[in-house]
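Me: Could you take a close look at the loops in this one for me? I'd like the backbone oddities and how open those spots are, with enough of the overall fold to place them.

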Amino acid sequence: SSETSVAELDWPALAERVRTCTNCELHGTRIQTVFGVGSENADLLIIGEAPGAEEDRKGEPFVGRAGKLLDAMLGAIALSRDDVYIANILKCRPPNNRDPQRDESTACTPYLERQIQLLQPKVILALGRIAAQWLLQSDAPIGRLRGQKLGFGNPETPLVASYHPAYLLRSPAAKAKSWEDLRLVRKILRTTP
């Protein structure tokens, strides 16, 4: 029932709760929710900010050109989309891809926190300024947050922040830095029991 708290839901019940969610205004404009995709036993959780138009249509995060670049980035550290879990802060697309509003992120965060509890990943990779700032509750620019091992939640999960693939498509010079971040992710994966 809807009385069950989000923190008690298993994967199927959580997915269903998200699919029927009306906790913020975005449910009125979405085609469908974008719950997340990948392995429910993944060691790496990748978190973006929100679905875009294509994601809203397909119900899957990181599709299109940015998704293809993400796949290539994962390939560089010998992982595929099937090995990881990919989700967003928001499960619904904001109109015209505007930035998520605080109340929207707040309404959606319990779902993401439950996904993290169910997954228990060894590391979280936050892609883009908005996802990183929200997860870290920081207003520091992404250039200052990236390149180091930070943490999210309690108990803390190691978190690495890096550039969003859509940004890398516009600013290819930043790819070298994102490669450093991926190598840090790989190192954490290898050294975490």
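Reply: Start with the contacts: in this predicted model, 72% of those with a sequence separation of 6 or more are between residues 24 or more positions apart. The chain has 193 residues, and 52% of them count as buried. The radius of gyration is 16 Å, which agrees with the value near 16 Å for a compact globule of 193 residues. If you want a box for it, the C-alpha trace spans about 45 × 40 × 30 Å along its principal axes.

As for the surface, about 9,600 Å² is accessible, and carbon and sulfur atoms hold 47% of that. On the charge side you get 25 positive and 23 negative side chains, with 8 Å between the centres of the two sets.

The fold has eight helices and six strands, running α-β-β-α-α-β-α-β-α-α-β-β-α-α from the N terminus. Now for the loops, going along the chain.

Q101 sits in the loop that links β3 (85-88) to α4 (102-119). Its relative accessible area is 38%, so it lands between the 20% and 50% cut-offs and counts as partly exposed. For a sense of distance, take A173: Q101 and A173 are 72 residues apart in sequence, and their C-alpha atoms are 30 Å apart in space.

On the other side of α4, in the loop leading to β4 (123-127), you'll find Q120. Here's a backbone oddity: phi of Q120 is positive, about 50°, although the residue is not a glycine. Q120 is exposed because its relative accessibility of 64% is over the 50% cut-off.

Q137 gives you another positive phi in a residue other than glycine, with a value near 50°. This glutamine belongs to the loop between α5 (129-136) and α6 (142-145). With a relative accessible area of 53%, Q137 counts as exposed. So both Q120 and Q137 pair a positive phi with an exposed position.

The last stop is a peptide bond rather than a phi angle. N154 and P155 are joined in cis, with omega at about 0°. P155 itself lies in the loop between β5 (150-152) and β6 (157-162). If you're checking backbone torsions, then, the spots to open up are Q120 and Q137 for phi, and the N154 to P155 bond for omega.

Note on methods:
Residues numbered from 1 in each chain as written. Predicted model: local features only at pLDDT ≥ 70, side-chain atom pairs only at ≥ 80, totals over all residues. Heavy atoms only, no water. Helix = DSSP H or I, 4+ residues; strand = E, 2+ residues; numbered from the N terminus. Rg over C-alpha atoms; globule rule 2.2 N^0.38 Å. Buried < 20%, exposed > 50% of the residue type's maximum accessible area, 1.4 Å probe, protein only. Contact = heavy atoms within 4.5 Å. Areas by Shrake-Rupley, 256 points an atom, 1.4 Å probe, with all protein chains shown as cover. Lys, Arg positive; Asp, Glu negative; His and termini not counted. Charge placed at Lys NZ, Arg CZ, Asp CG, Glu CD.
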